[in-house]
Amino acid sequence: MILITVYRVDRLLYSSHVQKVRSDTKLELLEVRENFEEIIHSQSLALRELSTFIGENPNIDQDEFSARVLNIRGMDDSVISIAAAPDMVITLIHPLKENQGALGLDYRNNEEQFPTIEKMLLTGSEMITGPVNLVQGGSGLILRAPVYLPIHDDMIEGDTIVPNRNFWGVVSLVLNYDEFLVKSGIADAALHFDLFIDIAERTEKQSGSFFYGDRSLLSKDPVSLQFDFAFEDWILHAVTKGGWPKQYPDQWWQRMIMALAGITMLGTILYILWLSETRKRAELILNRGIAALNDGFVMFDANDRLIVSNEKYREIYGFSDEILRPGTHLSYFLEAGAKIQRYPLDSSEEKAWMEQRVKSYRANETVETEQVLASGRVIKVSDHLLDDGSYVGLRVDVTELSRARIAAESANKAKTDFMGLLSHELRTPLTVILGVAKLSKNARLLSASKTLLAAYEDGSATPEEAKRMLDDVFTQLAGLMDRMVQSGEHLLHLINEMLDIAKIESGSLTIDPELCDIKDIVDPVIEQLSTLSRDKMLDFEVVQESGRVFADRVRARQILFNLIGNAIKFTNTGFVRLVIKVEVDVVRFEVHDSGSGIPEEEFESIFDVFYQVDSTATRNAGGTGMGLAISRSLAGLQNGSLTVSSDLGRGSCFVLSLPTSSAALRDTKSILTTDTAA
């Protein structure tokens, strides 16, 4: 483009120079044309005056002719001769002495001059011929005019004049051709210009009455001037000597300047392109870096128009491509963002929220907040205002971190509640054990002992009465021992649960599964818990199918004991039902109850260590709340599962699933060991 521009400028400068030269040429030749026309017009008038005189005096002789010529105005010294040729033969000429050689010239026999005279007769007007070789020697420019006699009545046929009847002859005026060129300015102009004078529209093969210069000049795009002649249309063509200039003034200097300007422009463009490419590379690297972020990134300009955002930002908010198009105003983002908040906003709340968000964007400090979306995702929002008024925003998905924090807080609370519950659970049996031990240490203070001692001291008791009193003492001591044993067993159960949790968390708990009858697992559990269900006046129903299961008897009983025991403890009225279903690869132990049920959001939490749905209910019913966590872990170690379903207010159902063969356990033994350790 630069080369084309330089070339075009160079051509324009050249064209401008040529146009100026053409204009100057035309101005200079205007004066030549005026001189040329003036000479021709003046001589033409003189010739016309002579023609008119002869027409009125057709019988004029030589003396009268010479006298008349001398009296014609406008004659100058360039006129060589003036002649008259009645009937096309020269018989009158002035000056006679110098031009006697021309007398008797018959134009009809002059092949060189007759065509022009014939053309003159056809047009009936003056004609100029030249340059011609004169009979009297030299070359001249000949002006000729036809001479006609006055028209008489006998020369009119009807309404038509018969021209041949009034033709007298021809008068001619010969100008010195060389002097004519000097006086008209043609000779002087020829020093500076290449000239060509010809009749308009004449072809190269046609002969003309006047001719000057080289016809090849027409191919050089000459300047042309039209002559004002009535008899013919003459045109003056001219170019500067040797043709139009091939170059304009100071061409090489101008070209050097343009070259320097072009090089400067090219250098500037290359520098701009380099800067642009550098910027593109920087933008590409920046965009790649932004796209590679695991967090959402967005940037707005000082007019709140989007500059750039990454795919993570789109994924977090789910915005459409139309909104994320660069140039989108912040208000569209806020409107779309208001609709994906966790809690729907009415129009006034939405407006206040949008104003608060804009204010946070404009705050001259880093603003960090958290957004909770309708999808449940928690987004940490960090906005920072830049010096130029634009601002950037970072969106970090902290959903897992938030859940972990909530879980940690819940676990911490559960652990605190558990420690309180555990201290209560441990304190109760220890209090009983210590109290019984103190009473046993002071057995004399027992009511039965006091009665026996009093009867012994009175001596009033018969042997039978003494034996009965002694039995009362033993019975009271046995009751105290039973309470101590129950408290000890309860304390042992609590300690075993804590030991099981510790082993499970450390991955050191082992199981010894074997193929056994379902009855061997279920019957001992039913026998122990039937009394507890009768005490609470609950319907305890067992529906079982016969079959075998591959499990650890002790650990399977422990799971069922926990599940059925919890069902009895947390069900005040109604029923507790154990349903056993034998399928192809698995045995399902379903424990149904008609208790208060469990909220759906707690289905997974109840299997966490230290977690309690209702610590008050747990404390009232007894237990530590670790049973379900232990049970699920034990089920997993046996390649089984423990799940729950519940209808709040109508009851719950816990399902223990254990395999029917050892194949599944062998296939997943290493995986289970790894998961348990983890």
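In this predicted model, the side chain of Thr571 reaches the backbone oxygen of Ala567 at 2.5 Å. Thr571 sits in the loop between H14 and strand E20 (575-582). Its relative accessible area is 0%. Because the cut-off for buried is under 20%, Thr571 counts as buried. Beyond residues up to four places away in sequence, Thr571 touches Lys536, Leu538, Val576, Asp593, Ser594 and Gly595.

A charge-over-ring arrangement involves Phe575 and Arg577. Arg577 lies over the face of Phe575, at 4.3 Å from the ring centre. A second arrangement of this kind involves Arg68 and Phe53. There, Arg68 lies over the ring face at 4.7 Å from the ring centre.

Salt bridges were searched for across the whole structure, and 29 were found. Side chains of opposite charge can pair when their charged atoms come close. One of the bridges joins Glu590 and Lys581, with an N to O distance of 3.6 Å. The two partners differ in exposure: Glu590 is buried, at a relative accessible area of 7%, whereas Lys581 is partly exposed, at 34%. Salt bridges with shared partners also build a network. Its members are Lys312, Glu315, Arg377 and Asp397.

Another bridge pairs Arg553 with Asp520, at 3.7 Å from N to O. Arg553 belongs to helix H14 (residues 553-569) and Asp520 to helix H13 (residues 518-535), so this pair ties together parts that are 33 residues apart in sequence. Both ends are partly exposed. The relative accessible area is 24% for Arg553 and 31% for Asp520.

A bridge within one helix was also found. The side chains of Arg33 and Glu37 meet at 4.0 Å, N to O. Both residues lie in helix H1 (residues 2-56). They are four residues apart, and therefore about one helical turn separates them. Glu37 is buried, with a relative accessible area of 12%.

Glu37 is also among the contacts of Phe229. Phe229 is placed in the loop between strand E10 (223-226) and strand E11 (234-240). With a relative accessible area of 5%, Phe229 is buried. Leaving aside residues up to four places away in sequence, Phe229 touches Phe36, Glu37, Ile40, His41 and Trp234. Along the chain, Phe229 and His41 are 188 residues apart. Their C-alpha atoms are nevertheless separated by 8.1 Å.

Two of the residues touched by Phe229, Phe36 and Trp234, also belong to an aromatic cluster. Ring pairs link these two with Phe180 and Phe227. In total, the structure holds eleven aromatic pairs. One of them is formed by Tyr317 and Phe319. The ring centres lie 5.3 Å apart, and the angle between the planes is 10°. Because planes under 30 degrees apart count as stacked, the Tyr317 and Phe319 pair falls in that class. Both Tyr317 and Phe319 are buried.

Notes:
Residues are numbered from 1 along each chain as its sequence is written. This is a predicted model: local features need pLDDT of at least 70, side-chain atom pairs count only at pLDDT 80 or more; totals for chains, interfaces and linings use all residues. Side-chain values use heavy atoms; hydrogens and water are left out. Helices (H or I, at least four residues) and strands (E, at least two) are DSSP runs, numbered from the N terminus. Buried means under 20% relative accessible area, exposed over 50%, partly exposed in between (1.4 Å probe, protein chains only). Rings of Phe, Tyr and Trp (its six-membered ring) pair if their centres lie within 6.5 Å; planes under 30 degrees apart count as stacked, over 60 as edge-to-face and the rest as tilted. A charge sits over a ring if NZ of Lys or CZ of Arg is within 6 Å of the ring centre and within 35 degrees of the ring normal. A polar contact is a pair of N or O atoms within 3.5 Å; within protein, one must be able to donate a hydrogen and the other to accept it, and residues adjacent in sequence count only if both atoms are side-chain atoms. Contact means heavy atoms within 4.5 Å.
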